Amino acid sequence: MTRDRILPQEDEEDLVQLPTNNFVQEMRHILEKKQGLEIMRVPKKVQVSCCQHTLAIVDIQKLIKSRNVERITCNRCIEPVVSLCCHCTQCNYFVHLTCAQLPEELQHPSHEKHKLKLAFVSYVWGMIKCSACNLDYNGYLFKCDTCRLYTFDHDVKCALLPSTIDHKAHEHSLVQMYRGNGNRCNSCGNVVRSFLYACEPCGFYLDYECALLPESVNHRWDKYALPLSFPPFSDRPDEFYCEICKEEIHPRRWHYHCRECDQSFHPRCIPGLGVTRNCNFGRILEFGRHPHPLKLVCDGEYRSTCDSCHERMYGNRVFKCETCQFYICIKYVARVANSGKIAGPAKISE
Ligand SMILES: [Zn+2]
Ligand SMILES: [Zn+2]
Ligand SMILES: [Zn+2]
Ligand SMILES: [Zn+2]
Ligand SMILES: [Zn+2]
Ligand SMILES: [Zn+2]
Ligand SMILES: [Zn+2]
Ligand SMILES: [Zn+2]
């Protein structure tokens, strides 16, 4: 029997403090305190399953500057890399020092029958929906090999979240639950469809997607870091509008707000925080029906359509051939892969 909720254990109290801009640090605490692992600050030698190469330890800030990119994400947890990390130069693969030392197996209280196994999302279309936060994901996950259902596909961040957390938005500790009873998330207002944290006496509920919103975001439209704002809001105007979608922000909902510039943003409207925030783009798919490698991109260009099912690609995740501007949608790749009718090999690389 799966329990719907579990009570906090004393040693886990105050373990994770949210929101944070460095969740990987919280992951390290959890691995050390809860899983009893010893996480080396700088591992001597790192080998990951992507390749036979030994990974080098690099300073990411230098690399970000020299490559002139906005950020580099970890291939395992899809969180940004901010300091030292492991890098495979041949495969252009990045992994946090902590993520390189994830355990192969994890006992999760929501699924006590079997241990969850660490795995790469190897479906050819390269995406799963995390069963805890419901977001699309293409990093490493913990999944149950025995049950073979998608019900226990947890991205590494969600899988490691403990039974109790503290969140600045609420004065009491929040307890993990595996499903809401029609409760609405205090942050986004949506009915919680999967995992959540709750303070039931106060009627405070927070889905995983909102629980893991970062403490602040940098946005190119605003020179200040925008903090995550939650009620009670002090000296705020009666109405405010999202700078990106121009729609009104519900007076009780969490949002990012810059006091200096008086600018507000829905979390989901901020690039990098939307429904694809846990997806790494740029992955390569070798799809037997096309002679060139296809690259996973965030958005089909305006007016582009999938060459196979003719669906419009605008705003979708799509595989693209940069040589011949050929597009193929994720849904089509998934359908073909599931039907077993792939002509030639289809392979996604980490
Ligand atoms: Zn990572
Ligand atoms: Zn390699
Ligand atoms: Zn998740
Ligand atoms: Zn199982
Ligand atoms: Zn929410
Ligand atoms: Zn409370
Ligand atoms: Zn908006
Ligand atoms: Zn091509």
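**Reading a predicted model: burial, zinc sites and strands**

Biologist: Let's start with Thr20. Is Thr20 buried or exposed?

Modeller: Thr20 is buried, with a relative accessible area of 15%. Keep in mind that this is a predicted model.

Biologist: How does 15% become "buried"?

Modeller: By a cut-off. Buried means under 20% relative accessible area. Thr20 has 15%, so Thr20 counts as buried.

Biologist: Where is Thr20 in the chain?

Modeller: In a loop. Thr20 falls between β1 (17-18) and α1 (23-33).

Biologist: What does the side chain of Thr20 reach?

Modeller: The backbone nitrogen of Asn22, at 2.9 Å. Now leave out residues up to four places away in sequence. Thr20 then touches Glu26, Pro214 and Glu215.

Biologist: On to metals. Which atoms coordinate the zinc ion (ligand 4)?

Modeller: For a metal site, list the donor atoms before anything else. Here they are His111 (NE2), His114 (ND1), Cys144 (SG) and Cys147 (SG). They coordinate the zinc ion (ligand 4) at 2.0 to 2.2 Å.

Biologist: What geometry does the site of the zinc ion (ligand 4) have?

Modeller: Check the angles among the donors. They run from 104 to 114° among the four donor atoms, and the site is tetrahedral.

Biologist: How are the donor residues of the zinc ion (ligand 4) spaced in sequence?

Modeller: The pattern is H-x2-H-x29-C-x2-C. Take the pair His114 and Cys147: this pair links distant parts of the chain, 33 residues apart. His114 sits in strand β6 (residues 111-120). Cys147 sits in the loop between β9 (140-143) and β10 (154-155). His114 is partly exposed, at a relative accessible area of 22%.

Biologist: Which protein donors serve the zinc ion (ligand 5)?

Modeller: Cys185 (SG), Cys188 (SG), Cys210 (SG) and Asp207, which is listed twice through OD. These donors lie 2.2 to 2.6 Å from the zinc ion (ligand 5). The spacing in sequence is C-x2-C-x18-D-x2-C.

Biologist: Where do Cys188 and Cys210 lie?

Modeller: In distant parts of the chain, which the pair links across 22 residues. Cys188 is in the loop between β12 (174-177) and β13 (196-199), and Cys210 is in helix α4 (residues 208-211).

Biologist: Are Cys188 and Cys210 buried or partly exposed?

Modeller: One of each. Cys188 is partly exposed at 29% relative accessibility, while Cys210 is buried at 5%.

Biologist: Now strands. Which way do the side chains of β21 point?

Modeller: The general idea comes first. In a regular strand, side chains alternate between the two faces of the sheet. In strand β21 (residues 318-321), Val318 and Lys320 point one way. Phe319 and Cys321 point the other way, and all are buried.

Biologist: Which strands pair with β21?

Modeller: Look for bridges, and note their sense. Strand β20 (residues 294-297) pairs with β21 in the antiparallel sense over three bridges. Strand β22 (residues 326-329) also pairs with β21 in the antiparallel sense, over four bridges. Lys295 stands opposite Lys320 in β21, and Val318 stands opposite Cys329 in β22.

Biologist: What should I note in the hairpin of β21 and β22?

Modeller: The connection. Four residues lie between the strands, and Gln325 takes a positive phi near 50°.

Biologist: Last, the whole chain. How many helices and strands are there?

Modeller: Five helices and 23 strands. Of the 350 residues, 50% count as buried. Next, take contacts with a separation of 6 or more: residues 24 or more positions apart account for 54% of them. The accessible surface comes to about 17,800 Å², and 48% of that belongs to carbon and sulfur atoms.

Note on methods:
Residues are numbered from 1 along each chain as its sequence is written. Chains are lettered from A and ligands numbered from 1 in the order in which they are written. This is a predicted model: local features need pLDDT of at least 70, side-chain atom pairs count only at pLDDT 80 or more; totals for chains, interfaces and linings use all residues. Side-chain values use heavy atoms; hydrogens and water are left out. Donors are N, O and S atoms within 2.8 Å of the metal (3.2 Å for Na, K and Ca); water is not among the atoms, so sites may look incomplete. Four donors count as tetrahedral if all angles lie between 85 and 135 degrees; four count as square planar and six as octahedral if opposite donors are over 155 degrees apart and all others between 65 and 115; anything else is irregular. Helices (H or I, at least four residues) and strands (E, at least two) are DSSP runs, numbered from the N terminus. Buried means under 20% relative accessible area, exposed over 50%, partly exposed in between (1.4 Å probe, protein chains only). A polar contact is a pair of N or O atoms within 3.5 Å; within protein, one must be able to donate a hydrogen and the other to accept it, and residues adjacent in sequence count only if both atoms are side-chain atoms. Contact means heavy atoms within 4.5 Å. Two strands pair if DSSP finds at least two bridges between them. Accessible areas come from the Shrake-Rupley method with a 1.4 Å probe; for residues, only the protein chains shown count as cover.
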